[in-house]
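Please open the structure in the viewer and keep the selection tool at hand. The tour below proposes what to select at each stop and describes what is found there.

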Amino acid sequence: MSSNYTRLLFFVMALTGGSSCHNEEAAKPVFSPEVNVVTAGKENLPVFSEYVGQIYGLSDITIQPRIEGWITGMYFKEGSLVQKGSLLYTIDDATTVNQVDEARAQLASAQTSLVKNKADLDRVKPLTEMNALSQRDLDASVANYEASKNQVTVAEARLANSKVQLSYFKMTAPITGIIGISKVQVGDYVSKISLQNGINQISSLGEVRVRFPVSENDYLVFIRRYKKDPKATNFYTIPVDLILGDGSVFGEKGNLQLTNRQIDPATGSILVQAVFKNTLGILRPGQYVRVRFQTDEFNNAVVVPQQAVNQLQNIYQVYLLTDSNKIKPTIIQVGARVGSNWIVNQGLKEGDKLAILGSRVITPAMVVKPVEMKWNYDSTSKN
């Protein structure tokens, strides 16, 4: 009896112990993983487009000599600011100086002949009136005088042309601007090749031009929308941002200035030009930059950040947070991607909370701990 009692006691203890362990497991709290959650917003969202462009000076003037010869002087510092009218280069002008002197002498001779023939005419005319000289003598004097006047005119023109030719041996700055590195130095010969390609360039950089191609489709969409917009005032007053090569935004806003007259048939794009002030002189011709300006606007659009949307081919899915803090996979229909955000056309409404899971595996049955995450509605943001 004692043995049976002992076995019964052991069995009861075993049952009691098992029940205790089971109760402890049931009482143990379930782990709820933390997940970042964003709230779908509704915004009047401006849409900005970016294009790659290149900078040009407001004026880019090629210094191009008109004559051949030896460079005898350079009167500027390369890469510096030069003023309009300042002397840049001189070319050996000895031969042309002689031609000017010769033309001046010919003019002096013609003027002397004119004075003599005028005196002869003044003497012959009264004698002819007195019949002391014949009409033939008067006609000869008039002809000599008129010929002398023509000779003076020819000599004056020859001297003027010689002076113009002489002026070509001195090259001055046509505008105020930054001059580049010279292609020739003192002692170099300016050949026909130099005459064709120029020997330097000056750029006016108080303002700069930025030229960038816009696809034909983008151009048509923008122009049609702009023409229909009752709030539109002047196309060329649209503010334009300039993004430099290091990703920074240039401090001065520009304006669209013009579009080319035609679509380039080779590229299917149209060239657009914007103008920016360059007060600090940071911008230089040849720089590649990006321009950004508003091309559209979505009113009352439901917006979510890009990282909240999972894309598999043409299917877009989000993880909707339910009232019980569980994850519900939901298919949505997206519209335009604006900056770092998606516009959602169907499947979400303002205020819906979306979980950002990344590579984590969360089953729909799991209860999560939502952590509200701030995000940027700015359509120009890329992060």
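**First stop: a salt bridge between two strands**

Select Asp60 and Arg209, whose side chains meet in a salt bridge with an N to O distance of 3.2 Å. A salt bridge here is a side-chain nitrogen of Lys or Arg within 4 Å of a carboxyl oxygen of Asp or Glu. Asp60 belongs to strand β2 and Arg209 to strand β9, so this pair ties together parts that are 149 residues apart in sequence. Helices (H or I, at least four residues) and strands (E, at least two) are DSSP runs, numbered from the N terminus.

The model is predicted: local features need pLDDT of at least 70, side-chain atom pairs count only at pLDDT 80 or more, and totals for chains, interfaces and linings use all residues. Residues are numbered from 1 along each chain as its sequence is written, and side-chain values use heavy atoms, with hydrogens and water left out.

Now display the surface around the pair. Is Arg209 buried or exposed? Arg209 counts as buried, at 14% relative accessibility, whereas Asp60 counts as partly exposed at 24%. The cut-offs are under 20% relative accessible area for buried and over 50% for exposed, with partly exposed in between (1.4 Å probe, protein chains only).

**Second stop: further salt bridges**

By the rule above, the count comes to 13 salt bridges. Side chains of opposite charge can pair when their charged atoms come close.

Select Arg290 and Glu50, which form a salt bridge with their closest N and O atoms 2.8 Å apart. Arg290 lies in strand β13 and Glu50 in strand β2, so the pair ties together parts that are 240 residues apart in sequence. Arg290 is partly exposed, with a relative accessible area of 32%, and Glu50 also counts as partly exposed, at 26%. Extend the selection to Asp241, Lys253 and Arg292: these residues are linked with Glu50 and Arg290 in a network of salt bridges.

Next, select helix α2 (residues 94–129), which holds both Arg123 and Asp120, 3 residues or about one turn of the helix apart. These two residues form a salt bridge, with the closest N and O atoms 2.8 Å apart. Arg123 is partly exposed, at 48% relative accessible area.

**Third stop: the largest nonpolar core**

Select Val210, Phe212, Leu242, Leu256, Phe276 and Leu283, which touch the most other members of the 24-residue largest nonpolar core. Such a core is a set of buried Ala, Val, Leu, Ile, Met, Phe, Trp, Tyr and Cys residues joined through side-chain atoms within 4.5 Å. The elements giving two or more residues to this core are β2, β9, α5, β10 (239–243), β12 (269–277) and β13. Strand β9 gives the most, with 5 residues.

**Fourth stop: the second largest pocket**

Select Ser49, Tyr51, Asp218, Phe222 and Thr295, which lie nearest the centre of the second largest pocket among its 14 lining residues. On a 1 Å grid over the protein atoms alone, where a 1.4 Å probe fits, a pocket is an open set of points with protein on both sides within 12 Å along at least five of seven lines; lining residues have an atom within 4 Å of a point. The space in this pocket is about 210 Å³, a volume being the space filled by probe spheres set on the points.

Which element gives the most to the lining of this pocket? It is α5, with 4 residues.

**Fifth stop: strand β15 and its partners**

Select residues 315–321, which make up strand β15; 5 of its 7 residues are buried. Strands of a sheet pair through backbone hydrogen bonds, either parallel or antiparallel. Two strands are said to pair if DSSP finds at least two bridges between them.

- Add β14 (residues 310–312), which runs antiparallel to β15 and is joined to it by 3 bridges. Leu312 has Ile315 in β15 as its bridge partner. The two strands form a hairpin with 2 residues between them, and Gln313 in the turn has a positive phi of about 55 degrees.
- Add β16 (residues 327–338), which pairs with β15 in the antiparallel sense over 6 bridges. The bridge partner of Leu320 in β16 is Lys328.
- Add β18 (residues 353–356), which pairs with β15 in the antiparallel sense over 2 bridges. Tyr319 has Ala355 in β18 as its bridge partner.
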